[in-house]
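Please work through the exercises below with the sequence and the coordinates open beside you. Each task is followed by a solution that goes step by step.

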Amino acid sequence: MDARVRVEPAGVELTPRAGETVFEAALRAGLSWPTICYGQARCTACALKVTDGHPVTDPPGPEEQGVLKQLAQRRRGSVRHTRLACRLTVTGQVTVEKNGVKPADESAPDPH
């Protein structure tokens, strides 16, 4: 099965390559994905919620687990199904929720 990630509410679909993170696939597809640290697993701005396809997501590694634990403490609640796009890899079809995702050209200011 090919890896595919549907990003809502933007309604865009990504096709990550083997071993490629959702964040890397989004950049390759020309999307603007909220981030501050650009894939260093530090800012949590890229965090998303996996809404469907949990069995085909690779489990979070120790680095991501630590960052998610800090995020849960800041939010004072559960971060169940929350993952960092800069660390999440998938092997099948997944749907995620992430506000602020858009084509990169839409994020640039209009010169007119």
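The exercises concern a predicted model, and they go from confidence to the sheet, the core and the cysteines.

**Exercise 1. Confidence of the model**

Task: Find the average pLDDT of the protein, and say over which residues pLDDT stays under 50.

Solution: Begin with the whole protein, which averages a pLDDT of 92, with 93% of the residues scoring at least 70. Then turn to residues 107-112, over which pLDDT stays under 50 and for which the model has two contacts beyond four places in sequence. Where pLDDT is low, the predicted coordinates should not be read in detail.

**Exercise 2. Order and pairing in the sheet**

Task: Work out in what order the five strands of the open sheet lie, and which strands are at the edges.

Solution: The order of the five strands is S2-S1-S6-S4-S5, and the pairing in this open sheet is mixed. S2 and strand S5 (82-84) are the edge strands, since each of them pairs on one side only. From one strand to the next the twist averages 35°.

Now follow the pairs across the sheet.

- Strand S1 (residues 4-8) and S2 run antiparallel and are joined by three bridges; here Arg-6 stands opposite Glu-13 in S2.
- S1 pairs with S6 in the parallel sense over five bridges, and the partner of Glu-8 in S6 is Glu-97.
- S4 and strand S6 (residues 93-97) run antiparallel and are joined by three bridges; in S6, Val-96 is the bridge partner of Val-50, and Glu-97 stands opposite Lys-49.
- S4 and S5 are antiparallel over three bridges, with Leu-48 opposite Arg-83 in S5.

Finally, place the helix: H2 (residues 62-75) lies across strand S4 (47-52) and S5, and runs at about 130° to S5.

**Exercise 3. The two faces of S6**

Task: Decide which side chains of S6 are buried and which are not.

Solution: In a regular strand the side chains alternate between the two faces of the sheet. S6 shows this alternation, with Val-94 and Val-96 pointing to one face, where they are buried, and with Gln-93, Thr-95 and Glu-97 pointing to the other, where they are not.

**Exercise 4. Val-22 and the nonpolar core**

Task: Determine whether Val-22 is buried or exposed, and which residues it contacts beyond its neighbours within four places in sequence.

Solution: Start with the position of Val-22, which is in helix H1. Its relative accessible area is 0%, so Val-22 is buried. Beyond its neighbours within four places in sequence, Val-22 is in contact with Val-5, Leu-14, Trp-33, Leu-48, Ala-85 and Leu-88. As a check on distance, the C-alpha atoms of Val-22 and Gln-93 are separated by 12 Å, although these residues are 71 residues apart along the chain.

Next, set this residue in the largest nonpolar core, which has 29 residues, and in which Val-7, Leu-14, Val-22, Trp-33, Leu-48 and Leu-84 have the most contacts. The elements that each give two or more residues to this core are S1, S2, H1, S4, H2 and S6. Val-7 in turn touches Val-12, Leu-14, Trp-33, Val-96, Lys-98 and Val-101, when residues up to four places away in sequence are not counted.

**Exercise 5. Cysteines and Thr-21**

Task: Explain why Cys-37 and Cys-43 do not form a bond, and examine Cys-86 in the same manner.

Solution: The cut-off for a disulfide is a pair of cysteine sulfur atoms within 2.5 Å. The sulfur closest to that of Cys-37 belongs to Cys-43 and is 3.6 Å away, so it is too far for a bond. For Cys-86 the closest cysteine sulfur is in Cys-46, at 3.8 Å, which is also too far for a bond. A search of the whole structure accordingly finds zero disulfides. Cys-37 is buried, with a relative accessible area of 19%, and Cys-86 is buried at 5% relative accessibility.

To see one of the surroundings of Cys-86, turn to Thr-21, which touches Ala-85, Cys-86, Arg-87, Leu-88 and Thr-89, not counting residues up to four places away in sequence. Thr-21 is in the loop between strand S2 (12-14) and helix H1 (22-28), and at 9% relative accessibility Thr-21 counts as buried.

Terms used: Residues are numbered from 1 along each chain as its sequence is written. This is a predicted model: local features need pLDDT of at least 70, side-chain atom pairs count only at pLDDT 80 or more; totals for chains, interfaces and linings use all residues. Side-chain values use heavy atoms; hydrogens and water are left out. Buried means under 20% relative accessible area, exposed over 50%, partly exposed in between (1.4 Å probe, protein chains only). Helices (H or I, at least four residues) and strands (E, at least two) are DSSP runs, numbered from the N terminus. Contact means heavy atoms within 4.5 Å. pLDDT is the predictor's confidence in each residue, from 0 to 100. Two strands pair if DSSP finds at least two bridges between them. Axes are lines fitted to C-alpha atoms, for helices over the stretch in contact, and angles run from 0 to 180 degrees between N-to-C directions. A nonpolar core is a set of buried Ala, Val, Leu, Ile, Met, Phe, Trp, Tyr and Cys residues joined through side-chain atoms within 4.5 Å.
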